[in-house]
Structures are given as C-alpha cells and as structure tokens.
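Here is a walk through the metal sites, the ligand pocket and a few backbone oddities of this protein. Keep the 3D view open while you read.

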Amino acid sequence: AMALLRALVRASEKAACIAQLCRQEDALFQLLVEEKRGADKNKRFVQDFKTLADVLIQEVIKHDVGAEFPALQGHIFGEESNKFENGLGETLVVQVCGTECDTAALLACVLDHNQAAAELLAAAVHQEVPLEDPALAAVAVAVSPESMAIWIDPIDSTNQYIRGRGDVAPVGGIYPSGLRSALVLIGAYDRHSGEPLLGVINEPFYRQDPLTHRWQGKYHWGVSYQGTRLCSLPCPPLRPDPAAVLSGSEKPEVQQALAPLYGGRLRFASGAGYKMLCVILGLAEAYVLSEGSTYKWDSCGPHAVLRALGGGMVDLGAALAGWRAGWHEPPPQLTYHRAAGGAAGAERWANHGGLVAFAHPEHLLAVLDALAAAPGL
Ligand code: 2IP
Ligand code: CA
Ligand code: CA
C-alpha cells in the first residue's frame with residue numbers, strides 16, 4: 001500500500017474534524033461567529049481565531065505527515081505562516097507539541113486564556129483518526145518521498161466557512177456558496193519537475209445529519225505517478241450539454257466568450273478548490289479563471305486528481321498566447337516548484353496567468369478556441 005497517500009488522506013480527515021469542530025462545539029463556534037459584540041480588542045481577537053483555525057490545521061497536517069515521513073520535513077508548505085500575532089500584539093508560534101497538555105497550554109496563550117476552547121482543539125489535534133478504506137489500502141505504487149514536496153490549503157473558501165451557511169440550494173448540482181465549498185486541499189508534487197503527483201480533496205461539510213445536525217465529510221484522492229493513474233472517483237463522462245463553472249467575479253468578456261459553448265450552463269461558485277472539484281465530479285466540464293487569484297496551494301491537490309483522470313490544469317494566459325501564435329499543441333500544465341520572479345510574499349506562488357481546469361482535453365481546446373477569438377482577453 002502507498003503509505004504516503006494514506007498519510008495525506010488521514011491528515012485531511014483530522015483537518016476536516018478540526019474544521020467541523022470549530023463550527024459544532026459551542027466554545028469554539030462562539031469565537032468563530034462572535035462578530036459585532038464587544039470592544040475593539042474583542043473584534044481583533046475574533047479575527048485572530050479565524051486565522052487560528054487555518055494555521056492550526058496546516059500545522060497539524062505538517063506535523064503528522066512530517067513525523068511519518070522525515071524525508072518530507074522542510075518540504076511541506078502551505079498558505080499560512082505559523083507565526084501568529086494575537087490581539088495583544090504578542091507573536092506566538094503555533095505548533096503541535098509533544099503532548100496534548102502542552103499543545104493546550106500553547107493554544108490557551110493564543111486564545112486569550114480560553115481554556116475550554118484550547119482543550120477542545122488540543123484533543124482534536126492529538127486524536128487518532130480511524131481510516132478504513134479498502135480501495136485506498138489497495139493502492140500499491142512505490143513512490144519516493146525524498147523527491148517530493150507538499151502544498152497545503154488548510155481551508156479553502158474561508159469566507160464561506162466563516163459565514164457557515166448550510167442551506168444553500170445547488171444549481172445543476174453545484175453549490176453557488178455556503179459551507180459545501182469549504183475544502184481541505186493537499187497536493188504532493190515532484191521537487192525537480194514541479195509536476196503534481198498525489199492529490200487529496202476533503203469536503204468536511206459534505207452532508208448534514210438531519211437528526212443530529214452533525215456534519216459528515218467525504219474525501220477524494222488521485223495519483224498520477226510515472227504513468228500510473230489511480231483515482232477514488234471514476235472519470236466523468238463527456239456530457240451532451242456541458243457546463244462551465246466560474247468565479248462570481250469573473251470578467252463579463254470571459255462569460256460572453258464562453259456563452260456560445262456552454263449555453264445557459266455557466267455556473268457560478270465560491271472557492272477555487274470547490275470549482276476544481278466540480279470539474280473532477282463531472283458537474284462542470286471546465287473551470288476558467290482569467291485572474292491570478294489562485295495560488296499553488298489551491299491548485300496542486302485538485303490538479304493531481306485531474307491528472308489521475310486524464311485531464312489537467314494549464315496557465316490560461318500562456319495557453320492563449322500559444323494558441324494565438326498558431327501553436328495548437330496541448331499547452332503545458334501548471335507546475336508547483338518555482339516561485340514567480342519579481343513578486344513578493346504570497347504573490348510569489350500565485351497562478352499568475354489564470355487557469356483552465358478540465359477533465360477532457362477536448363474542453364480545454366474548445367475553451368481556448370472560444371477565448372482566443374474574444375476581443376480584449
Ligand atoms: C480563495 C478562495 C476564494 C477564491 C480565491 C482563493 O482561497 O478559494 O473563494 O476566489 O481564488 O484564493 P473565488 O471564490 O472568487 O474563486 P482562501 O479562501 O483560502 O483564501
Ligand atoms: Ca485557497
Ligand atoms: Ca485557505
């Protein structure tokens with residue numbers, strides 16, 4: 001069995017537990033939603049807590065995967081920094097400690113000495129997450145962690161996670177907003193080529209038990225490694241009436257250019273990862289984004305899953321330039337190992353040219369054809 005993939009899935013399950021816990025346990029939920037009450041210090045503290053959920057989840061994944069695979073230590077990256085400034089202006093380093101007790105003590109410092117909240121979180125951080133999955137256990141691909149690195153987005157679609165709406169109705173199977181679009185994304189890539197190899201997408205808010213109101217999650221994984229392609233999901237069929245999924249803030253020019261291809265089936269949804277998942281699940285044939293508003297940690301995991309299904313993800317700007325220059329080969333896929341020159345901070349890891357995610361190469365070509373003819377793109 002492939003221990004690394006299992007470790008990534010297990011870490012995503014623990015991450016999903018923590019994300020659910022923050023919405024379900026009163027002591028934590030109060031911190032997450034307590035928006036307008038109280039003085040300025042309180043407001044800043046609440047802002048802190050939102051960031052803390054992200055930071056803590058990333059640290060847990062980093063800790064658990066690094067403990068099992070020492071060769072990956074120093075090669076596990078993510079959206080968040082673990083240096084955390086609390087509302088009092090103190091800088092603390094959030095990390096998983098040797099014991100639950102020590103982790104609770106550290107978290108209590110971050111949480112303004114809210115002991116109950118700190119203990120709940122520490123227990124979740126140190127729990128053993130059961131994983132029973134025969135299909136996953138049967139994956140027998142030998143990989144070398146020494147040549148890999150990891151991107152983590154601990155919670156994608158944070159805004160929807162905080163807002164926390166669980167009652168949004170889907171359109172064509174796609175949830176335009178709400179908790180459903182909050183995902184945990186983990187991707188492993190080749191350190192030298194930058195190619196995405198393993199991907200895990202965890203949906204902590206997949207369904208709500210009608211009786212207990214508890215959330216149940218679901219995860220998906222994919223492997224695209226040296227010619228071996230394996231996925232927890234079947235390859236989505238090519239549908240006669242395809243759809244495209246876009247950000248609500250996508251340019252009108254792009255929407256107009258895609259309309260002839262997808263007719264009335266231009267869908268809109270929050271969350272970059274969620275839109276990629278829609279393509280993976282066959283709810284949309286393409287996710288087109290014309291802005292550089294996603295990052296390596298958003299796309300690495302979902303990209304690996306798309307590769308496992310025979311699809312992929314490309315830089316839209318570069319692909320369009322190639323297409324217009326008459327180079328009608330499939331454009332090169334996004335890679336994950338190089339920071340963009342001339343940028344600083346998170347922007348170094350942006351997918352600057354926008355992107356197209358697809359499960360079927362036909363749809364990549366159709367999208368490029370439609371956009372290449374559009375003025376002003
Ligand atoms: C965001 C999040 C946003 C998305 C943006 C990502 O990540 O997924 O929803 O914008 O590109 O970077 P949009 O919803 O318009 O696609 P995060 O929530 O982790 O900041
Ligand atoms: Ca993100
Ligand atoms: Ca995030």
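In this predicted model, Asp153 bridges two calcium ions, ligand 3 and ligand 2, which lie 3.9 Å apart. Glu79 sits in the loop between strand E1 (76-78) and strand E2 (83-85), while Asp153 belongs to strand E4 (residues 148-156), so the pair ties together parts of the chain that are 74 residues apart in sequence.

Let's take the two ions in turn. For the calcium ion that is ligand 3, the protein donors are Glu79 (OE), Asp153 (OD) and Ile155 (O), at 2.2 to 2.3 Å from the ion. If you want to spot these donors in the sequence, look for the spacing E-x73-D-x1-I.

The calcium ion that is ligand 2 has Asp153 (OD), Asp156 (OD) and Asp298 (OD) as its protein donors, lying 2.1 to 2.3 Å from it. Along the chain, its donor residues follow the spacing D-x2-D-x141-D.

Are these donors buried or exposed? Glu79 comes out as partly exposed, with 34% relative accessibility. Asp153, the bridging residue, is buried because its relative accessibility is 1%, and the cut-off for buried is under 20%. Asp156 is buried too, at 7% relative accessibility.

**The pocket of ligand 1**

Now for ligand 1. The space it takes up is the largest pocket. A shell of 14 residues surrounds ligand 1, and the closest of them are Asp156, Ser157, Ser247, Lys275 and Ser293. Asp156 is worth a second look here: besides being listed among those closest residues, Asp156 is a donor to the calcium ion (ligand 2).

Which elements build the shell around ligand 1? E4 and helix H9 (272-280) each put in at least two residues. E4 gives the most, with 3 residues. E4 is also the strand that carries Asp153.

Oxygen atoms of ligand 1 come up against the protein backbone as well. Here are three of those contacts:

| Residue | Protein atom | Distance to an oxygen atom of ligand 1 |
|---|---|---|
| Thr158 | polar backbone atom | 3.0 Å |
| Gly271 | polar backbone atom | 2.9 Å |
| Ser293 | backbone N or O atom | 2.8 Å |

On its own, ligand 1 has 450 Å² of accessible area, and the protein covers 75% of that.

**Helix H4 and what follows it**

Moving away from the ligands, have a look at helix H4 (residues 100-110). Which of its residues are buried? Thr103, Ala104, Leu106, Leu107, Ala108 and Val110 are. It helps to remember that an α-helix has 3.6 residues a turn, so residues three or four places apart point the same way. With that in mind, try colouring the buried H4 residues, including Thr103, Leu107 and Val110.

Just after H4, the backbone does something you might want to check on a Ramachandran plot. Asp112 takes a positive phi of about 55°, and this residue lies in the loop between H4 and H5. Asp112 counts as partly exposed, at 31% relative accessibility. For a sense of scale, the C-alpha atoms of Asp112 and Gly341 are separated by 39 Å, and the two residues are 229 apart along the chain.

His113 has a positive phi as well, near 65°, in a residue other than glycine. You'll find His113 in the loop between H4 and helix H5 (115-126). With a relative accessible area of 60%, His113 is exposed.

**Another histidine, and a buried valine**

Where else does a histidine take a positive phi? His213 has one of about 65°, although it is not a glycine. His213 is placed in the loop between strand E6 (196-208) and strand E7 (215-225). His213 is exposed, with a relative accessible area of 51%; the cut-off for exposed is over 50%.

To finish, here is a residue inside a strand. Val314 is part of strand E12 (residues 312-315). Val314 is buried, with a relative accessible area of 0%. Its C-alpha atom is separated by 28 Å from that of Leu136, with the two positions 178 residues apart along the chain as the offset.

Key: Residues are numbered from 1 along each chain as its sequence is written. Chains are lettered from A and ligands numbered from 1 in the order in which they are written. This is a predicted model: local features need pLDDT of at least 70, side-chain atom pairs count only at pLDDT 80 or more; totals for chains, interfaces and linings use all residues. Side-chain values use heavy atoms; hydrogens and water are left out. Donors are N, O and S atoms within 2.8 Å of the metal (3.2 Å for Na, K and Ca); water is not among the atoms, so sites may look incomplete. Helices (H or I, at least four residues) and strands (E, at least two) are DSSP runs, numbered from the N terminus. Buried means under 20% relative accessible area, exposed over 50%, partly exposed in between (1.4 Å probe, protein chains only). A residue is near a molecule or strand if one of its heavy atoms lies within 4 Å of it. A polar contact is a pair of N or O atoms within 3.5 Å; within protein, one must be able to donate a hydrogen and the other to accept it, and residues adjacent in sequence count only if both atoms are side-chain atoms. Accessible areas come from the Shrake-Rupley method with a 1.4 Å probe; for residues, only the protein chains shown count as cover. On a 1 Å grid over the protein atoms alone, a cavity is a set of points where a 1.4 Å probe fits but cannot get out, and a pocket is an open set with protein on both sides within 12 Å along at least five of seven lines; lining residues have an atom within 4 Å of a point. A molecule sits in a cavity or pocket if more than half of its atoms lie within 2 Å of its grid points.
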